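Got your viewer open? Let's take a short walk through this one, picking out a few spots as we go.

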Amino acid sequence: MTETLTEIRSVVVERELSHPPEKIWRALTQPQLIAEWLMKNDFKPVMDHRFNLRADWGAVDCQVLAIEPNRALSYSWGAYGLESVVTWTLTPTPGGTHLRMEQSGFKPDQVQAYQGAKAGWPRFLVELEQLLARMD
């Protein structure tokens with residue numbers, strides 16, 4: 001694939017997890033659990049709910065765009081001029097769940113945000129995996 005400077009880019013991170021979709025769903029949708037692996041938040045798994053994610057460096061304004069319990073979650077992600085969409089897809093597998101995260105909408109001039117997401121999401125998913133290992 002050839003990448004041109006006019007393409008809208010996405011960051012995709014995928015993991016095979018040895019946990020059922022229901023357990024991963026809880027970690028993706030319960031505010032106290034989201035705070036343990038991602039950021040402080042006021043998330044509610046309700047269509048069109050506006051929420052924010054907060055960290056030392058600032059906040060991300062979000063809105064739930066799609067919700068299909070134990071299968072898919074999508075929300076807008078707006079911060080510092082970046083208007084993107086984060087989509088989580090959970091697919092049951094014989095050994096657990098295939099988890100796919102895609103953040104789409106990086107414009108060609110948003111190289112720093114794109115590079116930050118490419119570096120950040122794998123680290124967040126390590127935190128998520130560690131949380132899942134601790135959960136009952």
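Start by selecting Trp-88. Ignoring its neighbours within four places in sequence, Trp-88 is in contact (heavy atoms within 4.5 Å) with a list of residues including Leu-28, Trp-37, Arg-71, Tyr-75, Arg-100 and Trp-121.

A quick note before you go on: this is a predicted model, where local features need pLDDT of at least 70, side-chain atom pairs count only at pLDDT 80 or more, and totals for chains, interfaces and linings use all residues. Residues are numbered from 1 along each chain as its sequence is written, and side-chain values use heavy atoms, leaving out hydrogens and water.

Now add Trp-37, Trp-77 and Trp-121 to Trp-88: these four have the most contacts inside the largest nonpolar core, which has 37 residues. (A nonpolar core is a set of buried Ala, Val, Leu, Ile, Met, Phe, Trp, Tyr and Cys residues joined through side-chain atoms within 4.5 Å; buried means under 20% relative accessible area, exposed over 50%, partly exposed in between, with a 1.4 Å probe and protein chains only.) Helix 3, residues 111-134, gives the largest share of this core, 7 residues. (Helices are DSSP runs of H or I, at least four residues; strands are runs of E, at least two; both are numbered from the N terminus.)

Next, hunt for the 3 salt bridges, each a side-chain nitrogen of Lys or Arg within 4 Å of a carboxyl oxygen of Asp or Glu.

- Select Arg-15 and Glu-129: their closest N and O atoms are 3.1 Å apart. Arg-15 sits in strand 1 (residues 9-17) and Glu-129 in helix 3, 114 residues apart.
- Select Glu-36 and Arg-134, at 3.0 Å. Arg-134 is exposed, at 52%.
- Finish with Glu-102 and Arg-100, at 2.9 Å.
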